[in-house]
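Student: I am new to this structure. Can you walk me through it, one feature at a time?

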Amino acid sequence: MSLTQFSVDDGPHNMDGLRLCAQDGTEPVEAFIGRKVMDIWTESVEHRGGRQSLFRNQYNALGKLNLAAIERIVSAKYQRGATFNRQHPFVEVLVSDIMESGEVLNLSELVREPLPPAFHRLA
């Protein structure tokens with residue numbers, strides 16, 4: 001029950017978050033971290049006041065940079081089996097899984113583009 005061949009799916013898909021692919025022997029396994037979960041994880045490291053959601057290219061880049069940490073989180077949840085993963089072999093990583101793991105997100109290569117004025121809230 002060991003996952004191998006982890007990779008970030010940066011191809012076209014309509015999931016709003018980080019999609020990962022892995023293998024359990026010959027069985028494909030899909031893992032997913034929603035954009036909001038990635039936002040919370042990122043914000044917990046950045047300690048920024050204003051919330052700015054990540055864009056696909058940003059969370060894909062973060063996924064690639066932090067693949068080893070994400071692999072450990074996904075593998076730990078996957079190894080719990082179908083009892084803890086209703087959609088087994090699909091693994092959805094939640095904020096609680098990340099916090100329980102204690103994994104730290106490396107944001108050293110995160111580039112935040114300034115938002116256009118139309119995106120800023122008026123007080």
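Student: What area does the chain expose, and what percentage of it do carbon and sulfur atoms supply?

Tutor: Keep in mind that this is a predicted model. The chain exposes about 7,500 Å². Carbon and sulfur atoms supply 54% of that area.

Student: How many helices and strands are in the chain?

Tutor: Count 4 helices and 4 strands. Then read their order from the N terminus: β-β-β-α-α-α-β-α.

Student: What percentage of the residues in the chain is buried?

Tutor: The chain has 123 residues, and 40% of them are buried.

Student: Does one residue show how that label works? Which helix holds Asp39?

Tutor: Asp39 sits in helix α1, which covers residues 35-46. Buried means under 20% relative accessible area. Asp39 counts as buried because its relative accessibility is 15%.

Student: Which residues does Asp39 contact, leaving aside neighbours within four places in sequence?

Tutor: Asp39 touches Ser53 and Leu54.

Student: What share of contacts joins residues at least 24 apart?

Tutor: Take contacts between residues at least 6 apart in sequence. Of these, 58% join residues at least 24 apart.

Student: Now pockets. How much space lies in the second largest pocket?

Tutor: About 170 Å³. Then look at what lines that pocket. Phe55, Asn57, Gln58, Ala61, Leu62 and Leu65 are among the lining residues. Glu109, Leu110, Val111 and Glu113 also belong to the lining.

Student: How many residues of that lining are nonpolar, polar and charged?

Tutor: The lining divides into 6 nonpolar, 2 polar and 2 charged residues.

Key. Residues numbered from 1 in each chain as written. Predicted model: local features only at pLDDT ≥ 70, side-chain atom pairs only at ≥ 80, totals over all residues. Heavy atoms only, no water. Helix = DSSP H or I, 4+ residues; strand = E, 2+ residues; numbered from the N terminus. Buried < 20%, exposed > 50% of the residue type's maximum accessible area, 1.4 Å probe, protein only. Contact = heavy atoms within 4.5 Å. Areas by Shrake-Rupley, 256 points an atom, 1.4 Å probe, with all protein chains shown as cover. 1 Å grid on protein atoms, 1.4 Å probe; cavity = no way out; pocket = protein on both sides within 12 Å on 5 of 7 lines; lining within 4 Å. Points joined across faces, edges and corners; volume = space filled by probe spheres on them. Nonpolar A, V, L, I, M, F, W, Y, C, P; charged D, E, K, R; others polar.
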